[in-house]
Amino acid sequence: MSFDNGPDPEITPQVLDILARRAILTTFFVVGDKLRDPERYAIVERAFREGHWIGNHTFNHLAPLGVTLDVDAPALEIGRTQELIGEMSHPDRLFRPFGSGGILDEALLSATAVDLLCRDGYTCVLWNVVPRDWENPKGWVPRALEQCAAEEWPLVVLHDLPTTAMEQLELFLDGLEAAGATIVQHFPEDCVPIVNGGIVADMSAYMPS
C-alpha cells in the first residue's frame, strides 16, 4: 500500500494515526513543491520517524514526464524533489512517476528521465491497483478490494489529499483484514522496472516510441 501526492496538513496526520493504531508501515510518495512548506515537511519527518518509507513523486505533479517538451524537466521534477527529501530518502531512492489518471502508458517517462533514474541510482516504483479514490471519495473501497483480489500481489495507490476519501481508509483496511490480506512494506517485482539504477524490465510501454 502506498500514498501519493501529499503531504497534506490535515489528512496526512490522520492517515498516520490510523496506520500507527494498526501497526501498518507503508510508503509515502511526496510532491517536492509541498516540502518547501515547513508544516508539511514536519509531517513527512513524522512519517519517516515512524518507519514509513519516503519516496519521490516529482516536484510539481503537473504533467507526465513523457509528454513534456522541456529537456530540463527530469532534473527539476526528480532531482530537486530528492534534494528536499534529503536524509529521509529510502536508501533505494524510490521514485514514482506521475501517471495522469493512474494510467501506465507511453506518456509516463521520457528517455531523459530514464537516463537520470539510471545514472543517479533510483528505483522506479509503479503500481497495479488504482481505485481512483479522488474520483469517488465515498465509494472507492469496493473497487479497491475487487482490484486487490484480482492481483496476486497488489500494489495500491491511495492519495492523502483533502477529498474526504481517507475517511474510508479504515473501512478499506477492515476489508483487507477480512479477506486475509497481509500488508507488507515491499513492492512486487513486476511493479519495479528500475532497481538502484538498473533497468530490470522492458521500459517500452512507459516511454514514447
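Q: Is phenylalanine 187 buried or exposed?
A: In this predicted model, phenylalanine 187 is buried, with a relative accessible area of 16%.

Q: And tryptophan 53, what is its relative accessible area?
A: Tryptophan 53 comes out at 19%. That counts as buried, because the cut-off is under 20%.

Q: How many aromatic pairs are there?
A: The count is 3 aromatic pairs. One of them joins tryptophan 53 and phenylalanine 187, with 5.8 Å centre to centre and 65° between the planes, which makes the pair edge-to-face.

Q: Which parts does that pair tie together?
A: Tryptophan 53 is in strand E3 (residues 53–56), while phenylalanine 187 is in the loop between helix H6 (169–178) and strand E7 (194–195). The pair therefore links parts that are 134 residues apart in sequence.

Q: Switching to charges: what sits over the ring of tyrosine 122?
A: The charged end of arginine 93 does, 4.5 Å from the ring centre.

Q: How many disulfides does the structure hold?
A: The number is 0.

Q: Why no bond for cysteine 118?
A: The closest cysteine sulfur is that of cysteine 124, and at 9.4 Å it is too far for a bond. A disulfide needs the sulfur atoms within 2.5 Å.

Q: Where is the nearest cysteine sulfur to cysteine 148?
A: It belongs to cysteine 191 and is 12 Å away; cysteine 148 is in no disulfide.

Q: Which accessibility class does each get, cysteine 118 and cysteine 148?
A: Cysteine 118 is partly exposed at 23% relative accessibility, whereas cysteine 148 is buried at 10%.

Notes: Residues are numbered from 1 along each chain as its sequence is written. This is a predicted model: local features need pLDDT of at least 70, side-chain atom pairs count only at pLDDT 80 or more; totals for chains, interfaces and linings use all residues. Side-chain values use heavy atoms; hydrogens and water are left out. Rings of Phe, Tyr and Trp (its six-membered ring) pair if their centres lie within 6.5 Å; planes under 30 degrees apart count as stacked, over 60 as edge-to-face and the rest as tilted. Helices (H or I, at least four residues) and strands (E, at least two) are DSSP runs, numbered from the N terminus. Buried means under 20% relative accessible area, exposed over 50%, partly exposed in between (1.4 Å probe, protein chains only). A charge sits over a ring if NZ of Lys or CZ of Arg is within 6 Å of the ring centre and within 35 degrees of the ring normal.
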